[in-house]
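Here are a few notes to get you started. Have a look at the model first, then read on.

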Amino acid sequence: MPRRLKILLTQLAIVLGVICLWEAGVRAGLIDSFFFPAPSALAARIAEWASSQDFWTDVATTLAETVLSFIAGIGIGTVLGIWLGLSPFAADVVQPFIKMFNAIPRILLGPIFVIWFGLGLTSKVALGVTLVLFVAFFNTFQGIREVNPVVLANARLLRASRASLLRHVYLPSATTWILSSLRVSVGMAVMGAVVAEYLGSSAGLGHLIAQAEGVLDATGVFAGIVVLSAFVVALDAIVDRIEKRLLVWRPAHVHEA
Amino acid sequence: MDERPPLAVDLSNVMIRFGDFVAVRSMDLAVGETEFVAVVGPTGCGKSTILNTVTGLLRPSAGDVRIFGKALAGLNEQSGYMLQQDGLLPWKTAEDNVGLGLVFQGKPITDAREKARVWLAKVGLKGFEKRYPHQLSGGQRKRVAMAQTLIMEPRIVLMDEPFSALDVHTRRLMHRILLELWQADRRSLIFITHDLDEAITLADRVVVMSAGPGSRMVGDVRISLPRPRDVSALQTTDEFMALYREIWSLLGAEVEKSYATQA
């Protein structure tokens with residue numbers, strides 16, 4: 001695929017160009033390395049971290065928090081979305097409350113969760129869930145509401161029971177919406193975990209960054225951000241795989257022979 | 001009761017009203033057990049309303065609906081309904097779409113697929129079992145939808161302008177497939193259309209409805225053309241032309257009326 005290769009090479013050139021200019025700027029004294037540490041310094045720091053046990057504990061902690069809040073958030077959001085999507089009465093009753101909760105800046109809940117659940121895993125997962133839940137909820141709700149009426153009528157004419165409708169019509173329809181929001185949800189889960197760690201914790205990537213910041217160690221902060229980005233990209237790749245597998249029936253993913 | 005078997009569908013004096021709006025004033029429709037009846041009428045004359053009544057989705061405000069001699073209460077368990085637009089599930093393959101009704105009945109998926117493959121072959125879609133709806137053409141999707149309805153082996157088949165969105169050649173192919181299937185296993189079939197050619201080509205009888213609202217039956221013409229019919233050669237025969245003229249003399253006036261009310 002020459003086009004894809006071309007895109008890839010261009011992207012690589014941009015990254016290398018920025019890194020080289022940055023590095024050269026620092027070495028020439030044009031960029032203050034206190035605020036913008038050289039890429040080589042960042043690489044050295046990451047390498048140093050990678051050889052320590054603590055760093056991997058941090059990564060594992062953040063990963064665990066992310067995965068747990070992702071799963072719990074998607075689960076609760078989906079169930080809520082199905083329920084409200086199928087019951088207009090419940091939807092009308094609950095709608096204003098959901099809007100209200102969604103309007104709360106979630107970061108403010110971080111300290112409260114720490115008070116409620118302590119400095120451990122639970123408070124981090126709780127914050128992540130409050131972020132992921134709404135994305136999953138709104139998408140499921142939309143997916144249930146926007147089921148093609150002809151498809152629904154046809155399934156009813158084929159004598160589908162309520163359970164069958166849910167399983168063969170509503171859920172698959174909502175799944176496309178949920179899947180398309182997975183990427184956002186993953187980002188939200190990571191954000192919840194890292195922000196909660198940053199606010200108060202004893203382990204995790206957010207904790208690592210907060211510690212570096214506490215001693216004005218810009219190298220540590222930048223290195224932490226780079227690690228975090230790599231972390232999100234890796235998760236994103238996994239989500240991409242899942243999405244492609246589950247949406248084989250969609251036109252955009254199938255190339256006609 | 002005499003010795004004749006009860007009619008598959010027997011509507012007598014059926015009136016359908018939505019609030020103050022009378023959609024159908026008085027409809028009598030009798031369809032025998034192996035009879036193919038086409039219902040034609042101008043747009044908005046309540047043709048689909050008739051089918052919804054036979055399915056039991058609509059209760060008539062007055063009159064009787066009898067299915068195989070029994071008054072219809074609740075949903076009609078004997079009927080299969082093919083809609084104007086296909087309602088295939090985009091996330092299921094052709095075979096899984098065809099077998100959908102069986103799965104809804106609680107049959108295991110392997111049995112449903114096995115039977116679905118037989119039906120796909122019957123509608124000429126052998127080799128398309130694993131295709132998703134978006135990978136099929138409009139005509140192929142119609143054939144999947146047809147198999148989806150017929151696999152349930154309903155004793156009464158209802159079709160609501162099923163081929164109206166297709167081009168002329170595809171439509172003719174669909175006519176041939178439908179007639180072949182019906183010829184092989186004759187059932188009671190009510191076919192709604194606004195296309196008089198289609199009605200005469202397919203049916204044993206053509207029922208003409210008046211312009212709505214408050215429509216009623218204005219004609220019931222027996223189509224004496226011999227079977228099996230050759231779908232492509234039929235329309236140029238003299239008998240066909242004569243029937244066309246006869247029915248159009250009833251239908252044409254109603255179509256004019258419907259233009260007048262719409263203008």
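1. How far apart are the end C-alpha atoms of helix 4 (residues 88-103) of chain A, and what should its 16 residues span? At 1.5 Å a residue the expected span is 22 Å, and the end C-alpha atoms are 22 Å apart, which agrees. Helices here are DSSP runs (H or I, at least four residues), numbered from the N terminus, and the expected span is 1.5 Å times one less than the number of residues.

2. Before going on: this is a predicted model, where local features need pLDDT of at least 70 and side-chain atom pairs count only at pLDDT 80 or more, while totals for chains, interfaces and linings use all residues. Residues are numbered from 1 along each chain as its sequence is written, with chains lettered from A and ligands numbered from 1 in the order in which they are written.

3. Back to helix 4 of chain A: it bends by about 45 degrees at A:Val94, and A:Pro96 follows within four residues. The bend is the angle between axes fitted to the seven residues ending at a residue and the seven starting there.

4. Chain A splits into domain 1 (1-28 + 39-51) and domain 2 (53-246), with bounds from an automatic or database domain assignment. Their C-alpha centres lie 31 Å apart.

5. Now for chain B: 18 residues of chain A are in contact with 13 residues of chain B, contact meaning C-beta atoms, placed from the backbone, within 7 Å. Helix 7 of chain A gives the most to chain A's side, with 6 residues.

Notes:
Helices (H or I, at least four residues) and strands (E, at least two) are DSSP runs, numbered from the N terminus. Two residues are in contact if their C-beta atoms, placed from the backbone, lie within 7 Å.
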